[in-house]
Amino acid sequence: MISRALRIRKAASFLVNSSKAGAFIHGSSENEDHTKLSQLDTIVSKVRLSNSNSVDDIVKSLLNDQQCNSFNLSDNLVDGLLNRFKDDWKSALGVFKWAESRLDYEHNPDGYDLILDILGKMKQMETMMMILQEMGTRNLVTLNTVAKVMRRFAGSGKWENAVKVFDEMGTYGLEKSTESMNLLLDTLCKACKVEQARGIFLELKPHILPNAHSFNILIHGWCKIRRVEEAYWTIQEMKGHGCRPCVISYSTIIKSYCGQQKFDNAYEMLDEMRVEGCPPNIVTYTTVMSSLAKSEKFDEALQIAKRMKSDGCKLDTLFYNSMIHILGRTGKVRDAVLVFETEMPNTSVVPNTSTYNTMIAMFCYHNQEQKALNLLAKMESSGVCKPDVQTYYPLLKSCFRNGKTDDCLKKLLDDMVNRHHLSFDMSTYTLLVHGLCRANKCEWAYLLFEEMIGQGLMPRYKTCRLLLEELKQKYMYDAAGKIEDFIKKM
């Protein structure tokens, strides 16, 4: 099988001795010696060879297989099998029932929870409930089990069933408590059923004492559906129940205000936090600062940074990443470099990949590509972190902008694929195809387009049209015909 990198090398003549990242790790399954397969792989292959469409047939196939029945089953082996079939509920359930039928094995609670999760994920709710009832007869149902079932029901749009499972906890030997109520509230809020969660909370709180986490769950829920005023009033209700709002309570609302660009409200909440004796922390401030930057309110964002430092917050990498980005966007490149090279080391804050990426993007944005390349080399030799696809994106963009589509571009791509074993994402493929078309290198662009399709990535219509026109101009009608066929199927 020709790897992705080898195909790019063949077309572009720039990748030497390459191999797709992961090929070294996984190898070729076609050449494996089946006599040396692990027990797990042997059972998996038997299930797949059974070509069965029913759970019962899979169970029978395994029961009639002498080799599979000679294996000593363990919890690790069964869990491994269930995880292997996590997207194939029939095979997973078949293996589960086969293991259950063995006299030398008995499922543990984790195995039951795992099959429940698989069935719920694949919307097999009736079968999931049958397994739950079976667990109940063996006294294996835990709060974790109930949480998985409730979340799967809510995720499939059946929130009433999630509530029913909570109501029936007593039949499984479990008591309703603050913890279990919070699980139900969290399940409903994450499914955007916040009004329903609020109604159930009002019904339960005379019987189950809520805690601060109960209110924080509702605050998150209201903010999730962009009803921030209800979230704010939940804080007031929280105080009335003797629960003190924490930084998380306020920060959740501040983040919601920032998401709606209601910065005045966010500032008021910052002031209220101080009054309530709950001063903002680094996360709160960084949230506001980053949101201001996204709205291109850079001067305000830098004022927040000053305010944060004066409050004595312990600065972290996320804060500095945001600050460097803001300084770069306002043209204060020297200040950004000073922060990176001096302030961060002085405060013992270690840069991460995002820090380097932000610096590299800043240099490229201000047409200082050599400084970006020097920093990339420093990053590679630092041993602190490694480049990712986002590291290279602004560098690739600069190559096209400056017409360096030969040695420089090839060197970058060679490093990405062969040195760091990175796989291109949708944005990188799109950038390369568009850039190569404009650089009059549509043969290379077409090969990358084919590779993109092979990776299961769906190119944008604009990308298809651009490549199609370039191929026609180069009289590459066979390739153009394939693009046209692809467009018709979009």
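**Close-up views of a predicted helical model**

**View 1. Cys192 and the cysteine sulfur atoms around Cys192.** Cys192 has a relative accessible area of 40% and is therefore partly exposed. The model shown in this and every other view is predicted. Cys192 takes part in no disulfide. The nearest cysteine sulfur belongs to Cys189 and lies 9.0 Å away. A disulfide would need the two sulfur atoms to be within 2.5 Å. By this rule the model has zero disulfides.

**View 2. Cys437, a buried cysteine.** How accessible is Cys437? The relative accessibility of Cys437 is 2%, so the residue counts as buried. For the sulfur of Cys437, the closest cysteine sulfur is in Cys442, at 6.3 Å. Because this separation is too far for a bond, the sulfur atoms of Cys437 and Cys442 are not joined. Cys192, by its relative accessible area of 40%, is partly exposed, whereas Cys437 is buried.

**View 3. The whole protein, for orientation.** The fold consists of 29 helices, with zero strands. Along the principal axes, the C-alpha atoms fill a box of roughly 70 × 70 × 45 Å. The protein has 490 residues, and 48% of these count as buried. Among contacts with a separation of 6 or more, 62% come from residues 24 or more positions apart. The accessible surface is about 25100 Å², and carbon and sulfur atoms account for 49% of this area. There are 63 positive and 59 negative side chains. The centres of these two sets of charges are 5 Å apart.

**View 4. Ile43 in the largest nonpolar core.** This core has 159 residues. Those with the most contacts inside the core are Ile43, Ile253, Met289, Phe319, Leu409, Leu467 and Ile483. Which residues does Ile43 touch, leaving aside those up to four places away in sequence? The list is Leu62, Cys68, Phe71, Leu77, Leu81 and Trp98. In soluble globular proteins, nonpolar side chains tend to be buried together.

**View 5. Gly94 in helix α7.** Helix α7 covers residues 89-101 and contains Gly94. Gly94 has a relative accessible area of 0% and so is buried. Not counting residues up to four places away in sequence, Gly94 touches Val55, Ile58 and Val59. Leu62 is 32 residues from Gly94 along the chain, and the C-alpha atoms of the two are separated by 8.7 Å. Leu62 also appears among the residues that Ile43 touches.

**View 6. Tyr250 in helix α16.** Is Tyr250 buried or exposed? With 1% relative accessibility, Tyr250 counts as buried. When residues up to four places away in sequence are left out, Tyr250 touches Ile235, Lys239, Pro245, Met269, Glu272, Met273, Glu276 and Cys278. Leu376 is 126 residues from Tyr250 in sequence, and the C-alpha to C-alpha distance between them is 39 Å.

**View 7. Gln261 in the loop that follows α16.** This loop lies between α16 (247-259) and α17 (263-275). Gln261 is a residue other than glycine with a positive phi, near 60 degrees. The relative accessible area of Gln261 is 52%, so this residue is exposed.

**View 8. Tyr475 in the loop between α28 and α29.** The two helices cover residues 461-473 and 477-489. What is the phi of Tyr475? Phi is near 60 degrees, a positive value, and the residue is other than glycine. Tyr475 has a relative accessible area of 63% and is therefore exposed.

**View 9. Arg465 in helix α28.** Arg465 counts as partly exposed because its relative accessibility is 31%. Leu185 is 280 residues away from Arg465 in sequence. From C-alpha to C-alpha, Arg465 and Leu185 are 48 Å apart in space.

**View 10. Leu318 in helix α20.** Helix α20 spans residues 317-329. Leu318 is exposed, with a relative accessible area of 54%. Between Leu318 and Glu100 there are 49 Å in space, C-alpha to C-alpha, and a sequence separation of 218 residues.

Technical notes. Residues numbered from 1 in each chain as written. Predicted model: local features only at pLDDT ≥ 70, side-chain atom pairs only at ≥ 80, totals over all residues. Heavy atoms only, no water. Helix = DSSP H or I, 4+ residues; strand = E, 2+ residues; numbered from the N terminus. Buried < 20%, exposed > 50% of the residue type's maximum accessible area, 1.4 Å probe, protein only. Contact = heavy atoms within 4.5 Å. Areas by Shrake-Rupley, 256 points an atom, 1.4 Å probe, with all protein chains shown as cover. Lys, Arg positive; Asp, Glu negative; His and termini not counted. Charge placed at Lys NZ, Arg CZ, Asp CG, Glu CD. Core = buried A, V, L, I, M, F, W, Y, C linked by side-chain atoms within 4.5 Å.
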